[in-house]
Amino acid sequence: MVEFEDFDAWYTRARPEMVSAMCALGTPIDVAVDAVDEAFTRATEQWVQVEGMPNRDGWTYVVARNFARDTMRTETNRRRILRTHLSEAPVHEDPPPEVHELRRLLEPLNDKQREVVVLRNYFGMTEVEIADAIGSSRGTVSSRLRGAYKILRRSTRLVASAIALGVLS
């Protein structure tokens, strides 16, 4: 039997974080909301297994990410078909304003680096938990994080230098 108090507390805490993280990784807000809601629905259906997981956030994130990817692939195919028949493709809503800033900060990173940085820093997942969540080895996660942090440090120094020189304000 599902302990809904435990599920409700988890859902209330984790849902907004997951939607924001997915948006920060480039998922349109409407797709992110649908994907996260679908992941939590699947969690309730499999609650006996999910409840005992050491990192149910990671499991739920992977389910949401996969659902979002499938949705976006379907949407991309639909747009391609519509473009041949219509002049406009469907438009997505904008994500919350703070997501734009996070996207801007993570822009220099590739998709895989962006994903591990968000999982590490936004969800507080360990390298082992990230590796399990995305289906990679811990060494791969460590390497992606190291490369991402190097790029972000370099990017931060460039922005600071440009501000000091008066090029940026």
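Trainee: At what angle do helix α6 and helix α7 pack, and how far apart are their axes?

Mentor: In this predicted model, α6 (residues 111-121) and α7 (residues 127-134) pack at an angle of about 130°, and their axes lie 10 Å apart.

Trainee: What makes α6 oblique to α7?

Mentor: Roughly perpendicular covers 65 to 115 degrees and roughly antiparallel needs over 145. The angle here is about 130°, which fits neither class, so α6 counts as oblique to α7. As for handedness, α6 passes α7 in a right-handed crossing.

Trainee: How do you know that α6 and α7 are in contact, and which residues meet?

Mentor: Contact requires heavy atoms within 4.5 Å. On the α6 side the residues are E115, V116, L119 and R120, and they meet E127, I130 and I134 of α7. By class, this contact has 4 nonpolar residues, 3 charged and no polar ones.

Trainee: What is the volume of the largest pocket, and which residues are closest to its centre?

Mentor: The volume is about 330 Å³. Of the 16 lining residues, L25, Y61, R65, R69 and E115 are the closest to the centre.

Trainee: Which elements give two or more residues to that lining, and which gives the most?

Mentor: α4 (56-85) and α6 are the elements that give two or more. α4 gives the most, with 5 residues.

Trainee: Why is Y61 called nonpolar and R65 charged?

Mentor: Tyr is counted as nonpolar and Arg as charged, so Y61 and R65 fall into those classes. The whole lining divides into 6 nonpolar, 3 polar and 7 charged residues.

Key. Residues numbered from 1 in each chain as written. Predicted model: local features only at pLDDT ≥ 70, side-chain atom pairs only at ≥ 80, totals over all residues. Heavy atoms only, no water. Axes fitted to C-alpha atoms, helices over the stretch in contact; angles between N-to-C directions. Helix = DSSP H or I, 4+ residues; strand = E, 2+ residues; numbered from the N terminus. Parallel < 35°, antiparallel > 145°, perpendicular 65-115°, else oblique. Left-handed = near helix turned anticlockwise from the far one by under 90°. 1 Å grid on protein atoms, 1.4 Å probe; cavity = no way out; pocket = protein on both sides within 12 Å on 5 of 7 lines; lining within 4 Å. Points joined across faces, edges and corners; volume = space filled by probe spheres on them.
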